[in-house]
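This report walks through the sheet, the helix that packs on it, the aromatic contacts and the nonpolar cores of one protein chain. The sequence and the structure follow.

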Amino acid sequence: MKTDKNLPLIAKLMQTTFSLRRKEVINDDLPVGEILERWPALKMESQMCAEFHRITNINLKNHFYAELDRHVPRLQSLCRKKAARTGKVSEVLDQLFNTYDLQEQVDVNVRRAAVLRALPTYLHEDDSGFLKLWDQALSDEPQIDNIPVGLLLISATSTDAALFCPEKVAVVLEGNTVVDFPTFADAFVMLFALIYALHLSYPKDLANTFDFIQKVLRGLEDGKLKPRVLSLKNDLLSTE
């Protein structure tokens with residue numbers, strides 16, 4: 001028989017056990033699956049956000065979406081400008097935004113997804129080891145065994161729309177799906193929460209992308225930005 005979760009009690013217990021959990025996560029070097037088995041509440045969105053707040057004292061979703069939405073128009077403009085040039089990066093961006101422009105419905109979730117999808121390419125990074133598309137019509141299981149940290153776009157059919165608004169997006173950790181969300185941006189922001197909660201490293205191939213999101217969009221800047229990230233930040237804040 002299914003019972004409703006007692007959310008206030010769960011929140012109280014997670015707060016009470018925070019220091020014990022942090023010590024265990026940081027010092028014991030346990031596999032992600034074992035940590036989540038011991039602390040299953042970390043798979044709940046509310047507790048992912050709460051854990052991030054306990055660690056950083058920042059309201060994760062509110063701050064991230066406020067900053068992302070504030071910068072989306074300028075980020076998209078910068079990406080389109082680069083897409084109009086020549087070279088491999090420009091070709092990839094041009095293809096991405098051509099697909100974006102063909103979307104029948106463009107809402108806030110699609111705009112967020114387009115910018116987040118474009119960021120790695122803009123910063124000269126390869127997201128093929130981070131982002132996977134699972135077309136359920138073509139295969140029974142996704143190919144994610146070799147993904148330590150990533151996102152899985154899940155769609156019943158392989159269409160261009162799946163690039164920005166798949167049916168759901170799952171967070172992948174150590175080759176396993178952990179939890180899924182209805183939009184790309186939701187999955188992306190919750191992945192950040194889990195990286196902090198589980199004391200994981202950022203994907204090494206996306207060092208610039210995660211540096212930008214952490215220090216520019218998240219406000220966790222320590223004054224040390226990678227050159228490409230600093231350049232993007234300056235372009236983002238400059239006026240044309």
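Contact here means heavy atoms within 4.5 Å, and the angle between a helix and a strand runs from 0 to 180 degrees between their N-to-C directions, with axes fitted to C-alpha atoms. The structure is a predicted model, and what follows should be read with that in mind.

**The sheet and helix 8**

Four strands form an open sheet of mixed pairing, in the order 1-2-3-4. Strand 1 (131–135) and strand 4 (176–181) each have a single partner strand and stand at the edges, so one side of each has no neighbour in the sheet. On average, and with direction ignored, neighbouring strands of this sheet are turned by 30° against each other. Strand 1 pairs with strand 2 (residues 149–155) in the parallel sense over five bridges, and L133 stands opposite L153 of strand 2. Across strand 1, strand 2, strand 3 (168–173) and strand 4 lies helix 8 (residues 184–197), which runs at about 155° to strand 2.

**Aromatic contacts**

Twelve aromatic pairs are found in a search of the whole structure. In one of them, F188 and F210, the ring centres are 5.8 Å apart and the planes stand at 20°; because planes under 30 degrees apart count as stacked, this pair is stacked. The pair links distant parts of the chain, since F188 belongs to helix 8 and F210 to helix 9 (residues 207–217), 22 residues apart. Both F188 and F210 are buried, and ring pairs join them with F130, F184, F192 and Y202 into a cluster.

Charged side chains also lie over ring faces, as listed here.

| Charged residue | Ring | Distance to ring centre |
|---|---|---|
| K82 | Y122 | 4.0 Å |
| R112 | Y65 | 4.0 Å |

**Nonpolar cores**

The largest nonpolar core holds 73 residues, of which L151 and F212 touch the most other members. Helix 8 supplies the largest share of this core, 13 residues. Leaving aside residues up to four places away in sequence, L151 touches F130, L131, K132, V169, A170, V171, V172, F184, A187, F188 and L191; F130, F184 and F188 among these also belong to the ring cluster. A second, separate core of seven residues includes W134, I147, L152 and A170.

How values were computed: Residues are numbered from 1 along each chain as its sequence is written. This is a predicted model: local features need pLDDT of at least 70, side-chain atom pairs count only at pLDDT 80 or more; totals for chains, interfaces and linings use all residues. Side-chain values use heavy atoms; hydrogens and water are left out. Two strands pair if DSSP finds at least two bridges between them. Helices (H or I, at least four residues) and strands (E, at least two) are DSSP runs, numbered from the N terminus. Rings of Phe, Tyr and Trp (its six-membered ring) pair if their centres lie within 6.5 Å; planes under 30 degrees apart count as stacked, over 60 as edge-to-face and the rest as tilted. Buried means under 20% relative accessible area, exposed over 50%, partly exposed in between (1.4 Å probe, protein chains only). A charge sits over a ring if NZ of Lys or CZ of Arg is within 6 Å of the ring centre and within 35 degrees of the ring normal. A nonpolar core is a set of buried Ala, Val, Leu, Ile, Met, Phe, Trp, Tyr and Cys residues joined through side-chain atoms within 4.5 Å.
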